[in-house]
Amino acid sequence: SRGAGLAPALRYSQDSIVVALGQLQHVVPFVSGRLRRPLTFAVAPPLPLGLTLGKRSGVISGIASEVTPAEGVTHRVVVEGEQGTAYADVRVLVLARDAYFSTCEEESIHASATTFSHSVSEEE
């Protein structure tokens, strides 16, 4: 059928964001499919204190200032464009610094901080 594979899709450079209190975070979204600008992003439940979602860019950034429960919290990010909506679930885990550094040794492969280029160029 025409348009197959063009369904709107949203994903993030990391499915799980693991950070220490006070650590700077910057996670970039990738939007694909038939979503026309302007795009607007929303998240629920709200991100931990200090982290924000760019309403136009979809970037999750900031410096976390509150610890999450030990299993982390799953947040649903929804992007809306002229031709529809898409969503991605992102787990956020904010640890006290000492807990973070012991966890990092186990998760270093999964949480490696790779730099991704922006696919959504508009900033706030």
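These are my notebook entries on a predicted model, covering its strands, cores and a few single residues.

**Ground rules**

I number residues from 1 along each chain as its sequence is written, and because the model is predicted I keep local features to pLDDT of at least 70 and side-chain atom pairs to pLDDT 80 or more, while totals for chains, interfaces and linings use all residues. Side-chain values use heavy atoms, with hydrogens and water left out.

**Overall make-up**

I looked up the secondary structure and found one helix and nine strands, where helices (H or I, at least four residues) and strands (E, at least two) are DSSP runs numbered from the N terminus. Along the sequence the pattern reads β-β-β-β-β-β-β-β-β-α. Of the 124 residues in the protein, 35% are buried; buried means under 20% relative accessible area, exposed over 50%, and partly exposed in between, with a 1.4 Å probe and protein chains only. I noted an exposed area of about 7300 Å², of which carbon and sulfur atoms supply 53%, the areas coming from the Shrake-Rupley method with a 1.4 Å probe. Among contacts (heavy atoms within 4.5 Å) between residues at least 6 apart in sequence, 65% join residues at least 24 apart.

**The four-stranded sheet**

I traced an open sheet of four strands in the order β2-β9-β8-β5, with mixed pairing; two strands pair if DSSP finds at least two bridges between them. β2 (16-20) and β5 (40-44) stand at the edges with a single partner strand each, so one side of each is left without a neighbour in the sheet. The twist averages 30 degrees from one strand to the next, with axes taken as lines fitted to C-alpha atoms and angles running from 0 to 180 degrees between N-to-C directions. β2 pairs with β9 (residues 84-95) in the parallel sense over five bridges, and V18 has L93 as its bridge partner in β9.

**R76**

I then turned to R76, which lies in strand β8 (residues 73-81) and counts as partly exposed because its relative accessibility is 36%. Leaving out residues up to four places away in sequence, R76 touches A42, V43, A44, Y87, A88 and D89. With the last of these, D89, the side chain of R76 makes a side-chain polar contact at 2.8 Å; such a contact is a pair of N or O atoms within 3.5 Å, and within protein one must be able to donate a hydrogen and the other to accept it, while residues adjacent in sequence count only if both atoms are side-chain atoms.

**Two cis peptide bonds**

I checked omega at two prolines. A cis peptide bond joins R37 and P38, with omega about 0 degrees, and P38 is found in the loop between β4 (29-32) and β5. The bond from A44 to P45 is also cis, with omega near -10 degrees, and P45 lies in the loop between β5 and β6 (51-53).

**T68**

T68 sits in the loop between β7 (60-63) and β8, and I count T68 as buried because its relative accessibility is 9%. A polar atom of the T68 side chain lies 2.9 Å from the backbone nitrogen of V94. Beyond neighbours within four places in sequence, T68 is in contact with P48, V73, V92, L93 and V94.

**Cores**

For a nonpolar core I took a set of buried Ala, Val, Leu, Ile, Met, Phe, Trp, Tyr and Cys residues joined through side-chain atoms within 4.5 Å. The largest has 20 residues, of which L10, Y12, F41 and I60 touch the most other members. β1 (9-12), β2, β6, β8 and β9 each supply at least two residues of this core, and the largest share, five residues, comes from β9. A second, separate core of five residues includes V18, A20, L93 and Y100.

**Strand β3**

I closed with β3 (residues 24-27), which has a covered face, Q25 and V27, and an uncovered one, L24 and H26. In a regular strand the side chains alternate between the two faces of the sheet. β3 pairs with β7 in the antiparallel sense over four bridges, and H26 stands opposite S61 in β7. Q25 counts as buried because its relative accessibility is 9%. Apart from residues up to four places away in sequence, Q25 touches Q14, I17, V19, L51, I60, S61 and G62.
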